[in-house]
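Dear colleague,

I am handing over the structure below, and after it I set out what was found. Please read the notes with the coordinates open beside them.

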Amino acid sequence: MSLVACTDSSSQADAAPSADNQPSDDSKAVGQRNSSGGLAWASKRYERVLQMENSGVLDCDTLSYDCQSSDRAGKIIICRADGDLVRVQHEIDAGPGTIAAETYYYDGSAVYVAETSAFSQVQTAESPGPGLVRQERRYFESGNLLDREFRSYPPLPEGREPTEVEFAYEQSGDTVDEILGSDALFNVAEETAYDCDR
């Protein structure tokens with residue numbers, strides 16, 4: 001089943017925005033580029049992929065790796081619908097006390113939603129507790145950043161995600177930087193191989 005098959009055929013609102021540029025994460029430009037139509041399209045498409053995943057429609061393959069040279073290990077989950085790439089999720093063990101994840105939602109080769117998260121167990125003077133989970137979500141249209149949301153929270157029992165009531169997303173926060181990025185993961189999905197030396 002493709003994403004197109006899930007659309008309302010009487011609506012042109014699901015037509016993909018054009019993909020002229022690579023995604024930019026310049027947060028200062030968000031207000032200048034904000035497009036309510038593009039943001040609504042990205043949000044709707046994102047929810048549709050989540051529904052497809054929950055109903056078992058996506059065809060997903062997992063690629064695991066263990067890089068001896070960098071103490072980095074992880075797995076990359078590549079999901080397709082009718083052969084088209086729709087999502088790549090990368091779970092990373094980035095060394096002692098740090099775990100990160102990045103998930104990109106694709107329309108063709110263009111990213112329309114990016115989600116990143118990181119958990120650090122390393123205790124510092126600023127964070128003496130049980131660690132902190134940082135999350136960021138970005139929405140794109142035609143390679144331009146439309147919206148950016150952040151949240152941070154202490155680890156929850158059984159690793160569950162918090163609800164919006166418990167910890168709501170905010171318009172500012174810390175960027176998650178323990179990631180490879182959407183272009184690198186798109187290439188991994190196309191090649192179905194991960195190279196530790198990249």
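Helices and strands are here taken as DSSP runs, with at least four residues for a helix (H or I) and at least two for a strand (E), and they are numbered from the N terminus. On that basis the chain, which is a predicted model, has three helices and seven strands, and the order of these elements from the N terminus is α-α-β-β-β-β-β-β-β-α.

Some totals for the chain may be useful before the details. The chain has 198 residues, of which 40% count as buried, and its accessible surface comes to about 10,800 Å², with 46% of that area belonging to carbon and sulfur atoms. Among the contacts with a separation of 6 or more, 47% are between residues 24 or more positions apart.

Turning to the nonpolar interior, the largest core has 20 residues, and those with the most contacts inside it are Ile-76, Leu-85, Val-88, Tyr-104, Tyr-106, Val-111 and Leu-185. At least two residues of this core come from each of β1 (59–67), β2 (72–81), β3 (84–93), β4 (98–107), β5 (110–120) and α3 (182–191), and α3 gives the most, with four residues. Val-88 offers a view of these surroundings: once its neighbours within four places in sequence are left aside, Val-88 is in contact with Ile-76, Ile-77, Glu-102, Thr-103, Tyr-104, Tyr-106, Leu-185 and Ala-189. Apart from the largest core lies another, of 16 residues, which includes Tyr-46, Tyr-112, Val-113 and Leu-146. As general background, nonpolar side chains tend to be buried together in soluble globular proteins.

The aromatic residues deserve a separate paragraph. A search of the whole structure finds six aromatic pairs, and I describe two of them here. In one, the ring centres of Trp-41 and Tyr-112 are 5.2 Å apart and the planes are at 70°; because an angle over 60 degrees counts as edge-to-face, the pair is of that kind. Since Trp-41 lies in helix α2 (residues 36–54) and Tyr-112 in strand β5, the pair ties together parts that are 71 residues apart in sequence. Trp-41 is buried, with a relative accessible area of 6%, and Tyr-112 also counts as buried, at 2% relative accessibility.

In the other, Tyr-46 and Tyr-105 have their ring centres 5.0 Å apart and their planes at 80°, so this pair is edge-to-face as well. Tyr-46 belongs to helix α2 and Tyr-105 to strand β4, and the pair thereby links distant parts of the chain, 59 residues apart. Tyr-46 counts as buried at 7% relative accessibility, as does Tyr-105, with a relative accessible area of 3%. Trp-41, Tyr-46, Tyr-105 and Tyr-112 form one aromatic cluster.

One charged residue is also worth a look. Is Arg-137 buried or exposed? Arg-137, which lies in strand β6 (residues 132–141), has a relative accessible area of 14% and is therefore buried, the cut-off being under 20%. The side chain of Arg-137 makes a polar contact with the side chain of Glu-115, at 3.0 Å. Leaving aside neighbours within four places in sequence, Arg-137 is in contact with Tyr-46, Val-113, Ala-114, Glu-115, Asp-147, Arg-148, Glu-149 and Tyr-169, and among these Tyr-46 and Val-113 are residues of the core of 16 described above.

With best regards

Methods
Residues are numbered from 1 along each chain as its sequence is written. Side-chain values use heavy atoms; hydrogens and water are left out. A nonpolar core is a set of buried Ala, Val, Leu, Ile, Met, Phe, Trp, Tyr and Cys residues joined through side-chain atoms within 4.5 Å. Buried means under 20% relative accessible area, exposed over 50%, partly exposed in between (1.4 Å probe, protein chains only). Contact means heavy atoms within 4.5 Å. A polar contact is a pair of N or O atoms within 3.5 Å; within protein, one must be able to donate a hydrogen and the other to accept it, and residues adjacent in sequence count only if both atoms are side-chain atoms. Accessible areas come from the Shrake-Rupley method with a 1.4 Å probe; for residues, only the protein chains shown count as cover. Rings of Phe, Tyr and Trp (its six-membered ring) pair if their centres lie within 6.5 Å; planes under 30 degrees apart count as stacked, over 60 as edge-to-face and the rest as tilted.
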